[in-house]
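Subject: Structure for you to look at

Hello,

Here is the structure I promised to pass on. Please open it first, then read my notes below.

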Amino acid sequence: MSRTFRDEDADLSVLDDLEIAIIGYGNQGRPQTLNLVDSGVRRIVIGNRDDDYRARAVTDGQEVLDIGDAVERADIVSVLIPDEVHPEVFRDTIVPRLRAGQTLLFGHGYSIYFGLVDLPDDVDVALVAPRMVGDLVRSRFVEGLGCSVLVGVERDASGAAWQRLLAYTRAIGGTRGGAQQTTFEEETVIDLFAEQAFGALLISSMLACYQVLADAGYDPDLIYSELAGSGEMAQVVGLMSRIGVTRQLWHHSMVSNYGQISRAVRLERQGVYEPLKATLDEIRDGSFAREWASEGAAGYPGMHRLHREIRRSGWFEMEDRYVTGSGGDSGHEA
Ligand code: NAI
């Protein structure tokens with residue numbers, strides 16, 4: 001069982017003599033910076049390229065430098081720019097400005113686990129991976145709650161990597177609820193697998209359920225309402241997470257309880273395991289990372305094509321009718 005670190009395991013005063021550079025002021029960079037400031041950390045510099053995020057940091061009253069200058073000045077460098085741009089930004093801007101004894105913190109294990117960045121041996125390499133979006137990292141901190149975080153050290157060149165990592169994690173609110181110890185491999189593989197297996201199953205099963213009922217001639221509006229619109233299924237997933245997968249079944253009628261468990265076991269026996277295992281293998285042997293890198297290099301044509309293809313499902317007619325507001329690229333036509 002992995003170790004859990006709490007506030008009392010972390011000494012915030014470790015940060016008193018250290019300069020922290022936050023590289024990137026986006027989803028995670030801004031909330032983590034604001035939490036650090038509210039925790040009393042004073043020596044913070046933002047490293048950002050010249051864009052709207054940089055302007056936001058300036059408006060917030062942060063000291064902002066170019067990425068290389070911030071890296072050079074700092075003792076702890078928290079890298080919070082998208083994983084896709086790590087290879088280029090590390091190669092051209094960060095690595096040339098590193099010096100021995102610095103501690104590099106990553107928000108996700110991807111670049112290190114897949115060997116996408118080449119770092120000198122004399123810097124610490126550590127992980128502070130929030131399990132939630134940046135908005136929650138901030139709002140939960142403001143409410144006095146903790147955010148869920150995974151932490152790990154890949155290389156402790158300075159001998160102080162754990163101390164620094166835990167102090168930083170405490171300052172962003174990560175040890176309030178308990179920060180769990182992990183490795184770069186474990187964090188990356190489990191995170192990607194949850195997205196590509198669990199997330200993918202949710203999407204494909206929703207579309208398949210819709211199609212089976214629509215093909216049988218049932219009313220699309222009612223199907224949509226049953227699967228998503230009413231919010232019942234979302235409540236079920238919430239209950240699964242709060243009280244457990246089988247325990248929540250006893251909150252349903254007996255016919256629902258039996259129908260769900262019997263068909264779940266049948267589907268499982270019909271073979272969900274093997275395709276999921278193949279997905280795990282693709283993550284672990286690096287083929288998914290290579291696929292994603294070539295997607296990026298080509299400007300993401302496969303991703304845009306898949307979005308266009310999947311939106312041909314009748315499901316999206318219902319979604320467009322009932323879902324108001326927009327999130328991300330819904331409706332995007334690239
Ligand atoms: P983001 O997409 O919000 O990053 C925006 C920032 O990156 C901006 O400051 C922008 O100036 C900078 N940036 C973008 N492209 C750049 C480039 N080519 N060169 C230099 N700077 C560039 O990133 P986000 O979502 O905050 O992710 C940061 C890290 O945190 C990633 O490693 C991610 O896996 C991890 N993470 C993110 C979570 C989230 O809530 N989005 C949750 C947990 C971990």
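A salt bridge here is a side-chain nitrogen of Lys or Arg within 4 Å of a carboxyl oxygen of Asp or Glu. By that rule, the count is 19. One of them joins the side chains of Asp69 and Arg97, at 2.6 Å from N to O. Asp69 sits in helix α3 (67-73) and Arg97 in the loop between α4 (86-94) and β6 (103-106), so this pair ties together parts 28 residues apart in sequence. Helices (H or I, at least four residues) and strands (E, at least two) are DSSP runs, numbered from the N terminus.

Some ground rules. The model is predicted: local features need pLDDT of at least 70, side-chain atom pairs count only at pLDDT 80 or more, and totals for chains, interfaces and linings use all residues. Residues are numbered from 1 along each chain as its sequence is written, and side-chain values use heavy atoms, without hydrogens and water.

Now the ligand. There are 22 residues around it, each with a heavy atom within 4 Å. Tyr25, Asn27, Asn48, Asp51 and Asp83 come nearest. By class, this shell has eleven nonpolar, eight polar and three charged residues. Nonpolar means Ala, Val, Leu, Ile, Met, Phe, Trp, Tyr, Cys and Pro; charged means Asp, Glu, Lys and Arg; the others, Gly among them, are polar.

Polar contacts (N or O pairs within 3.5 Å; within protein, one atom must be able to donate a hydrogen and the other to accept it, and sequence neighbours count only if both atoms are side-chain atoms) also turn up here. A ligand oxygen is 2.6 Å from a side-chain N or O atom of Asn48. A ligand oxygen lies 2.9 Å from a polar backbone atom of Gln28. A ligand nitrogen is 3.4 Å from a side-chain N or O atom of Arg49.

Best wishes
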